[in-house]
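Trainee: I would like a close look at a single part of this model rather than a tour of the whole. Please choose one strand and follow what surrounds it, step by step.

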Amino acid sequence: MYMFKVCRCCDAIIGEIEFENIQKLKADKTMDLIGNVAYTLCPRCMKELEINQRSFYQ
Ligand SMILES: [Zn+2]
């Protein structure tokens, strides 16, 4: 069984996750597992978020 990794921001499919790795992902607090989709952020949105957070705290 595979899970899709999807960006919660731009809905881009980032990749697939093997079932054995899902337990590991559940420990990752940036991930939301819904059905067979793991919502996270793609590197591009992650970067944008970091930039936004940085400017927010300045
Ligand atoms: Zn994205």
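Mentor: Two residues are in contact here if their C-beta atoms, placed from the backbone, lie within 7 Å. The model is a predicted one, and the part I would choose is β4, residues 37-40, together with the strands and loops around it.

A word on the setting comes first. The protein chain holds 2 helices and 4 strands, and read from the N terminus its elements follow the order β-β-α-β-β-α. Along the principal axes, the C-alpha atoms of the protein chain fill a box of roughly 45 × 20 × 15 Å, and of its 58 residues 9% are buried. If we take the contacts between residues at least 6 apart in sequence, 45% of them join residues at least 24 apart.

The 4 strands make up an open sheet with mixed pairing, in the order β2-β1-β4-β3. Its edges are formed by β2 (13-18) and β3 (32-34), each of which pairs on one side only, and the neighbouring strands are turned against each other by 25° on average, direction ignored. In that order β4 stands between β1 and β3, which lets us take its two partners in turn.

On one side, β3 pairs with β4 in the antiparallel sense over 3 bridges. Two of the residue pairs can be named: D32 has Y39 as its bridge partner in β4, while L33 has A38. The two strands form a hairpin with 2 residues between them, in which G35 takes a positive phi near 60°. N36 is also placed in the loop between β3 and β4. It counts as exposed because 12 other C-beta atoms lie within 10 Å of its own, and 12 is still inside the limit for that class, which covers counts of 12 or fewer. Neighbours within four places in sequence left aside, N36 is in contact with M3 and F4, and its C-alpha atom is separated by 9.0 Å from that of M1, although the two residues are 35 apart along the chain.

On the other side, β1 (residues 2-7) runs parallel to β4 and is joined to it by 4 bridges. Here V6 has Y39 as its bridge partner in β4, and C7 has T40. Y39 is thus a bridge partner of V6 from β1 as well as of D32 from β3.

The two faces of β4 can also be told apart, since A38 and T40 belong to a covered face and V37 and Y39 to an uncovered one. From the covered face, A38 leads us on to L25, which is found in helix α1 (residues 22-26). L25 and A38 are 13 residues apart in sequence, and their C-alpha atoms are 8.6 Å apart in space. Once the neighbours within four places in sequence are set aside, L25 is in contact with I17, M31, L33 and A38, a list that includes L33, the bridge partner of A38. Even with these contacts, L25 counts as partly exposed, because it has 15 C-beta neighbours inside 10 Å, whereas a buried residue needs 20 or more.

Beyond β1 the sheet continues to β2, and these two strands pair in the antiparallel sense over 5 bridges. Within this pair Y2 has E18 as its bridge partner in β2, and K5 stands opposite G15. The hairpin formed by β1 and β2 has 5 residues between the strands, and D11 lies in the loop that joins them. Most residues other than glycine have a negative phi. D11, which is not a glycine, nevertheless has a positive phi near 65°, and it counts as exposed because it has 9 C-beta neighbours inside 10 Å.

Taken together, β4 is paired in the antiparallel sense with β3 and runs parallel to β1, and one of its covered residues, A38, is in contact with L25.

Conventions. Residues numbered from 1 in each chain as written. Predicted model: local features only at pLDDT ≥ 70, side-chain atom pairs only at ≥ 80, totals over all residues. Pairing = 2+ DSSP bridges. Axes fitted to C-alpha atoms, helices over the stretch in contact; angles between N-to-C directions.
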